[in-house]
2 protein chains.
Amino acid sequence: MHHPSEKDYIHQLSIDCVILGYQDRQLKVLVPKLDFRGDFWALPSGFILQEESIDEAARRILEERTGIRDIYLDQFRAFGPTDRTNRAFLERMMRLNEEKFGEELFNRKEFDWITRRFISIGYYALVDMNKVVPRKNDIDESIAWYNIRNLPPMIMDHNEIVGKALETLRLNLDEKLIGFNLLPETFTMREVQELYEAIFDKPFARNNFQKKILDLNVLERLEKKFTGAANKAPYLYRLAR
Amino acid sequence: MHHPSEKDYIHQLSIDCVILGYQDRQLKVLVPKLDFRGDFWALPSGFILQEESIDEAARRILEERTGIRDIYLDQFRAFGPTDRTNRAFLERMMRLNEEKFGEELFNRKEFDWITRRFISIGYYALVDMNKVVPRKNDIDESIAWYNIRNLPPMIMDHNEIVGKALETLRLNLDEKLIGFNLLPETFTMREVQELYEAIFDKPFARNNFQKKILDLNVLERLEKKFTGAANKAPYLYRLAR
DNA sequence: TCAAAAGTGTTATTGGTACACCCATGG
DNA sequence: CCATGGGTGTACCAATAACACTTTTGA
């Protein structure tokens with residue numbers, strides 16, 4: 001177990017990452033569960049080293065849980081109410097895990113450092129779930145993808161942070177053409193459409209959607225994809241470079 | 001002179017405010033000039049007290065320079081490169097102002113505190129310039145409105161911060177209908193149009209602009225405004241509540 | 001030959017742009 | 001009655017939505 005207060009982190013400032021993936025027509029969020037009795041879920045988070053930028057810190061935190069560095073990443077908001085502290089959460093957790101904390105997992109200095117009020121900068125990341133093998137870090141019991149509409153209750157304001165991330169993603173999706181980061185290398189038009197429908201939680205008309213996406217002129221049409229199904233084979237597409 | 005390190009501020013985290021006003025068909029930024037030899041301009045900035053939210057801190061900083069609390073305020077981005085520090089600026093300033101710093105304006109502890117790397121959260125504010133009497137604070141030599149296209153060279157990354165603020169304002173203008181915060185209580189349609197033209201730095205067609213704005217259904221048409229000019233008197237409008 | 005899903009074309013509808021015209025005002 | 005700027009109506013264009021039809025595929 002590392003003791004953050006002993007490293008040269010910036011105090012009272014953290015980064016929370018909303019790592020978004022897409023599978024089975026659903027938008028997913030990568031959420032670790034903490035290795036303590038009591039069912040605590042928390043977004044991948046971390047602190048900022050003196051010698052790294054906030055973007056680098058976010059990327060380091062991402063890499064720790066996903067194993068990948070080359071990920072689409074966007075800062076979306078800072079969260080800073082006065083009472084934003086994990087003291088309540090930590091006290092409850094320590095009460096439920098006395099045997100572990102008997103071994104002094106945190107010392108007093110550590111506890112004071114980490115339970116102060118923290119301001120957090122939110123980042124969201126878009127990843128191709130096929131390329132990511134979620135990794136536990138040393139305080140995780142497990143880590144898993146959750147449907148964004150059915151997230152576990154997370155500590156502090158993490159559920160709210162996901163909400164803001166989704167809001168920002170919707171605003172930026174058409175603007176920045178970032179949706180394709182959630183898809184594999186090649187994909188069918190139907191997959192793109194279902195992705196959009198998952199993100200916006202509403203249906204799109206098939207033909208008009210296809211026209212709109214193709215008119216962006218960023219996709220390259222490849223060979224057809226024969227699925228074995230008894231219907232016309234769809235084309236595969238790839239993001240043109 | 002206050003010594004920030006002695007107050008209970010959050011370390012290495014600051015807030016920079018881009019206070020925007022509108023006059024003479026130009027978008028203006030309120031920029032203080034520091035009371036030191038050497039021509040140093042800096043955005044209204046400050047630190048965050050332990051017992052206030054980041055939004056409250058921004059509002060406090062705004063009120064100090066404008067005298068008003070009830071201002072449209074929006075957080076737009078955190079700035080956090082590794083080398084973001086005002087050490088270079090402060091050293092230059094102290095060299096140019098040895099007589100003042102002979103009196104130990106900063107002590108060593110103070111200097112170390114304030115020259116560390118700082119992460120800054122940017123806010124932009126929209127104000128009705130008629131309602132604001134710019135106020136110097138105790139480190140300002142003067143404070144003035146500058147045309148956003150003709151800003152003085154400010155310390156650190158403050159010019160870049162203004163750029164990002166303008167970018168965000170443009171994105172949010174139609175979305176959030178916030179432009180009217182820059183205008184007086186009542187205004188003509190031409191004034192609204194000129195405001196938009198100043199913000200987007202491009203012309204709009206008069207008739208179409210009027211239609212677009214009226215179609216928003218947020219304006220209330222009042223009596224005509226007789227200016228004494230030899231032309232048809234324009235209607236006054238007010239934001240409907 | 002049939003069902004399912006893909007591809008594409010054709011027609012409304014809408015939102016924005018361009019052009020035109022008329023109106024009120026004070027000199 | 002004229003110059004100036006304000007208000008509005010109409011025609012046009014492009015982007016989107018709605019509707020329809022054809023094609024491909026494997027059973």
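How many bridges join strand 1 of chain A to strand 5 of chain A, and do they run parallel or antiparallel? The legends below take up this pairing in a predicted model.

**Figure 1. Strand 1 beside strand 5 in chain A.** Strand 1 covers residues 9-23 of chain A. Eight bridges connect strand 1 to strand 5 of chain A, and the two run parallel. One residue pair serves as a landmark: A:Val18 has A:Tyr124 of strand 5 as its bridge partner.

**Figure 2. Strand 4 beside strand 5 in chain A.** Strand 4 spans residues 72-79 of chain A. Seven bridges link strand 4 to strand 5, and here the strands run antiparallel. A:Asp74 stands opposite A:Tyr124 of strand 5.

**Figure 3. Burial of strand 5 in chain A.** Strand 5 comprises residues 119-126. Eight of its eight residues are buried, so strand 5 is largely enclosed by the rest of the structure. Both faces are covered. One side carries A:Ile119, A:Ile121, A:Tyr123 and A:Ala125. The other carries A:Ser120, A:Gly122, A:Tyr124 and A:Leu126.

**Figure 4. The surface near DNA strand C.** DNA strand C is surrounded by 22 residues. The closest are A:Asn207, A:Asn231 and A:Tyr235, together with B:Ala230 and B:Lys232. Three elements each give two or more residues to this surface: helix 6 (189-200) of chain A, helix 7 (206-214) of chain A and helix 7 (206-214) of chain B. Helix 7 of chain B supplies the largest share, three residues. By character, the surface residues divide into nine nonpolar, eight polar and five charged.

Conventions:
Residues numbered from 1 in each chain as written. Chains lettered and ligands numbered in written order. Predicted model: local features only at pLDDT ≥ 70, side-chain atom pairs only at ≥ 80, totals over all residues. Buried ≥ 20, exposed ≤ 12 C-beta atoms within 10 Å, placed from the backbone. Helix = DSSP H or I, 4+ residues; strand = E, 2+ residues; numbered from the N terminus. Pairing = 2+ DSSP bridges. Near = placed C-beta within 6 Å. Nonpolar A, V, L, I, M, F, W, Y, C, P; charged D, E, K, R; others polar.
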